[in-house]
Structure formats: structure tokens, C-alpha cells
Amino acid sequence: TVTHTAINASDGSINLNGTGTINYTGLEPVFIVVEMQNINFEFNGGNETITVDDNGTSNDGLSSIDSDQGEQVIFQNPNQNLNIDANAGNDTINVNGSDTGLASDVTITGQNDLTVSDVNLQNSGVTIQSTGGSVTAGDITAGDVTTTAQDNLNAGNVNASGSVQQTSNTGSVTTGSVEADGSVTQTAQGSVNTGSVAAGNDVSQ
């Protein structure tokens, strides 16, 4: 497991599987090209915009992540998990694209209100969660899709080759059409408002 922690727009650190930490200052961009099961990106807790994209060369095994408060990082696609933790602040995550070879599960976490753009990661399971605020997400195409908000959950259309789980712990769930080859589960303290649901297995609301 590799963990990259952004300190500010040009400084940060890289921890390699708990064996040691590399601190850097003023690098542009940062390259993490090493075989790994998991990679974690920890951001600095302010209101920020984080962008995930391909590095510019399709299917070369490398993707890119950048922030308006952190340095751009070019990284080798992990085998199992890509974890993005925006920490505190009201954050926006733009998933503009990814390397075509990215097949790991992707988890996006925020502590306050979290906005996530359209996500098209057909080879990945996608989890989007806010531990202390609302979640607003665009259209999502992926394997398994899990979206969880402490407050209201608002999402676009969801197309999953696996199962879909949508949860609001204290508010409502509002979403467009939901299509899943597996099951669909929608749970809210308030109301559940869905355009339409089509599932290969059970539907629970």
C-alpha cells in the first residue's frame, strides 16, 4: 500500500507500505510508478477541487490526480484499490477520465458536503461517501456502485454491471434512473425519489 499525503500546492509526502516516508518540496509533478495493491490519496482538509484523469497516454498503466491545493501526481494503476480521501471541507471531485487499464475499485470519501462529477469506470467498483454532509453526484457507470451520505443524497443516472446501494443516514435519496444487473437497495431516513429502477435481482426501498 502506498499513501500520498498533500500538504499544500507543492509539498507532500509518500509512505511506502509503512516501511518509510519520503517528504518532498516543490516537485512538479510527482511520479509514483511502483507495483502496488492499494494507493491512498490524503488531501489537506480545505475546500478544494480534485481532478482524476488519464496522464495523457491511454492504456500505459498510468493515471493522474491533481488538486487546486496539492501537487499533480502521476501514478501506476493499483491492482485492488484506489482511495481518495478529501478530508474536511466542502469538496468537488472531477473524474474526467482514467487510464483504460484502471480496473481497481475506487473509493471517494469526504467529511462534509461532497460533489462528484459524472463517473465512467466500467471496470471498477465505485464507492462515494460523505461521513458528515450531503453527496451530490452526476451519472455513474461502474461495476458495483455504493453511495452514502450523512445528509441528503442527490445523484444522476446509475448504470451498474453489479449491484447498487444508495443510502442517506439522516436525509432523503433523490436519483435519476437506476439500472443494475444485480440488486438495488435504497435506504433513507426521509423519502426515496427515483426516476425508475431496473434490476436483475431484488429491489429494496
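This dialogue works through the strands, core, cavity and unusual backbone sites of a predicted model.

Reader: What should be kept in mind about the numbering and the model before reading any feature?

Author: Residues are numbered from 1 along each chain as its sequence is written, and because this is a predicted model, local features need pLDDT of at least 70, and side-chain atom pairs count only at pLDDT 80 or more, whereas totals for chains, interfaces and linings use all residues. Side-chain values use heavy atoms, with hydrogens and water left out.

Reader: How should I read the sheet, and in what order do the strands of the open sheet stand?

Author: Strands are DSSP runs of E with at least two residues, helices are runs of H or I with at least four residues, and both are numbered from the N terminus; two strands pair if DSSP finds at least two bridges between them. Here an open sheet of 11 strands has the order β3-β2-β1-β5-β9-β11-β14-β17-β20-β22-β24, and its pairing is mixed. At its edges stand β3 and β24 (203-204), each with a single partner strand, so one side of each is left without a neighbour in the sheet.

Reader: Which strand pairs show the antiparallel and the parallel sense?

Author: β1 (residues 2-6) and β2 (residues 11-16) pair in the antiparallel sense over five bridges, with T3 opposite N15 in β2, and a hairpin of four residues joins β1 to β2. Five bridges also join β2 to β3 in an antiparallel arrangement, where D11 stands opposite T25; in the hairpin of β2 and β3, which has four residues between the strands, N17 takes a positive phi near 55°. The parallel sense is seen in β14 (residues 126-130) and β17 (residues 145-149), which pair over five bridges, with V126 opposite V145.

Reader: How do the two faces of a strand show up, and which residues of β10 are covered or uncovered?

Author: In a regular strand the side chains alternate between the two faces of the sheet. In β10, D91, I93 and V95 form the covered face, while T92 and N94 form the uncovered one. β10 runs parallel to β6, to which four bridges join it, and N94 is the bridge partner of T51. Three bridges join β10 to β12 (residues 114-116), again in parallel, with D91 standing opposite L114.

Reader: How is a nonpolar core recognised, and which residues have the most contacts inside the largest one?

Author: In soluble globular proteins, nonpolar side chains tend to be buried together. A nonpolar core is a set of buried Ala, Val, Leu, Ile, Met, Phe, Trp, Tyr and Cys residues joined through side-chain atoms within 4.5 Å, where buried means under 20% relative accessible area, exposed over 50% and partly exposed in between, computed with a 1.4 Å probe on protein chains only. The largest such core has 44 residues, and I32 and I65 have the most contacts inside it. Strand β21 (residues 173-180) gives the largest share of this core, three residues. Counting contact as heavy atoms within 4.5 Å, and leaving out residues up to four places away in sequence, I32 touches V2, H4, I14, I39, V73, I74, F75 and Q76.

Reader: How is an enclosed space found, and which residues line the largest cavity?

Author: Rolling a probe the size of a water molecule over the atoms shows where empty space is left. On a 1 Å grid over the protein atoms alone, a cavity is a set of points where a 1.4 Å probe fits but cannot get out, and lining residues have an atom within 4 Å of a point; grid points are joined across faces, edges and corners, and a volume is the space filled by probe spheres set on the points. A search of the whole structure finds one cavity of 30 Å³ or more, and the largest cavity has a volume of about 50 Å³. Its lining consists of V52, L82, I84, V95, S98, L102, V106, I108 and L121, with β9 (81-85) and β11 (105-110) each supplying at least two residues.

Reader: Where do N59 and N87 lie, and is each buried or exposed?

Author: N59 has a positive phi of about 60° although it is not a glycine, and it is found in the loop between β6 (49-54) and β7 (62-67), where N59 is exposed, with a relative accessible area of 54%. N87, also with a positive phi, near 60°, is in the loop between β9 and β10 (91-95), but N87 is buried, with a relative accessible area of 17%.

Conventions. On a 1 Å grid over the protein atoms alone, a cavity is a set of points where a 1.4 Å probe fits but cannot get out, and a pocket is an open set with protein on both sides within 12 Å along at least five of seven lines; lining residues have an atom within 4 Å of a point.
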